[in-house]
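Reader: I want to see the reasoning behind the labels on this model. Please set each value against its cut-off.

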Amino acid sequence: PSLSDFEVNFRLCWISKSVTETEKQMKKKLCDLNIMLTIGGISFEDDRKKYRQNPSKIIICTVGRIWEMIKSNIIIMGKEMLLVFDEGDKLLSNVD
């Protein structure tokens, strides 16, 4: 699939802190919500299992990993999701 195949009905934000620090802060403040961290360097298979067992509405991710999970039909984007992008500065630097 390509990005144009998805209806854009979810929320996006990007971070300047480390993803692990962001995850800790979000879990502390939003303790009743399930938050998932999925980035390169973590086993894709472990992430797949973790998400399938307990789908998250808030996902802290790198662009490459979230795209991989969407292409694999592991994550189906919905309007009640929040994606928090690590490396958002790199994503924005490629916008013409």
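Author: What follows is a set of questions and answers on this predicted model.

Reader: What is the order of the elements along the chain, and how many helices and strands are there?

Author: The chain has four helices and four strands. From the N terminus on, they run β-α-β-α-β-α-β-α.

Reader: What makes Asp47 and Arg65 a salt bridge?

Author: The closest N and O atoms of Asp47 and Arg65 are 2.7 Å apart. The cut-off is 4 Å between a side-chain nitrogen of Lys or Arg and a carboxyl oxygen of Asp or Glu. The 2.7 Å of this pair lies within 4 Å, so the pair is called a salt bridge. Asp47 lies in helix α2 and Arg65 in helix α3 (residues 63-71), so the pair ties together parts that are 18 residues apart in sequence.

Reader: Why is the link between Asp47 and Arg65 also called a polar contact?

Author: A polar contact needs a pair of N or O atoms within 3.5 Å, one able to donate a hydrogen and the other to accept it. The side chains of Asp47 and Arg65 are joined at 2.7 Å, so the distance passes that cut-off as well.

Reader: How do you know whether Asp47 and Arg65 are buried or exposed?

Author: Buried means under 20% relative accessible area. Asp47 has 1% relative accessibility, so Asp47 counts as buried. Arg65 has 8%, so Arg65 counts as buried too.

Reader: Which residues touch Asp47, leaving aside those up to four places away in sequence?

Author: They are Met36, Leu37, Thr38, Ile39, Ile42, Arg65 and Met69. One of them, Ile42, sits in the loop between β2 and α2. Ile42 in turn touches Leu37, Asp47 and Arg65, with the same sequence neighbours set aside.

Reader: Is Ile42 called buried, partly exposed or exposed, and why?

Author: Ile42 has 31% relative accessibility. That value falls between the 20% and 50% cut-offs, so Ile42 counts as partly exposed.

Reader: How many salt bridges does the structure hold, and which pairs join Asp47 and Arg65 on that list?

Author: The structure holds three salt bridges. Arg48 and Glu45 meet at 2.4 Å, N to O. Glu68 and Arg65 meet at 3.5 Å, N to O. Both values are within 4 Å, so both pairs earn the name.

Reader: What makes Asp47, Arg65 and Glu68 a network?

Author: Arg65 forms a salt bridge with Asp47. Arg65 also meets Glu68 in a salt bridge. Asp47, Arg65 and Glu68 are thus linked in a network of salt bridges.

Reader: How are Arg48 and Glu45 placed in helix α2, and how are Glu68 and Arg65 placed in helix α3?

Author: Arg48 and Glu45 are three residues apart in helix α2 (residues 44-53), about one helical turn. Glu68 and Arg65 are also three residues apart, in helix α3, again about one turn. An α-helix has 3.6 residues a turn, so residues three or four places apart point the same way.

Reader: Why are Arg48, Glu45 and Glu68 called partly exposed?

Author: Arg48 has 22% relative accessibility. Glu45 has 35%. Glu68 has 33%. These values lie between 20% and 50%, so each residue counts as partly exposed.

Reader: How do you know that the buried residues of α3 line one face?

Author: In α3, Arg65, Ile66, Met69 and Ile70 are buried. Seen down the helix axis, the buried residues of α3 fall within an arc of 135°, so they line one face of the helix. Their cover includes β2 (35-38), α2, β3 (58-62) and β4 (82-86).

Reader: Which residues touch the most other members of the largest nonpolar core, and which elements supply that core?

Author: The largest nonpolar core has 13 residues, and Tyr51, Ile59, Ile66, Ile75 and Leu83 touch the most other members. The elements that give two or more residues to this core are β3, α3 and β4. Helix α3 gives the most, with three residues. A second, separate core has eight residues, including Val19, Met26, Ile39 and Ile58.

Reader: What share of the whole chain counts as buried?

Author: Of the 96 residues, 33% count as buried.

Key:
Residues are numbered from 1 along each chain as its sequence is written. This is a predicted model: local features need pLDDT of at least 70, side-chain atom pairs count only at pLDDT 80 or more; totals for chains, interfaces and linings use all residues. Side-chain values use heavy atoms; hydrogens and water are left out. Buried means under 20% relative accessible area, exposed over 50%, partly exposed in between (1.4 Å probe, protein chains only). The arc is that of the directions from the helix axis to the C-beta atoms. Contact means heavy atoms within 4.5 Å. A nonpolar core is a set of buried Ala, Val, Leu, Ile, Met, Phe, Trp, Tyr and Cys residues joined through side-chain atoms within 4.5 Å.
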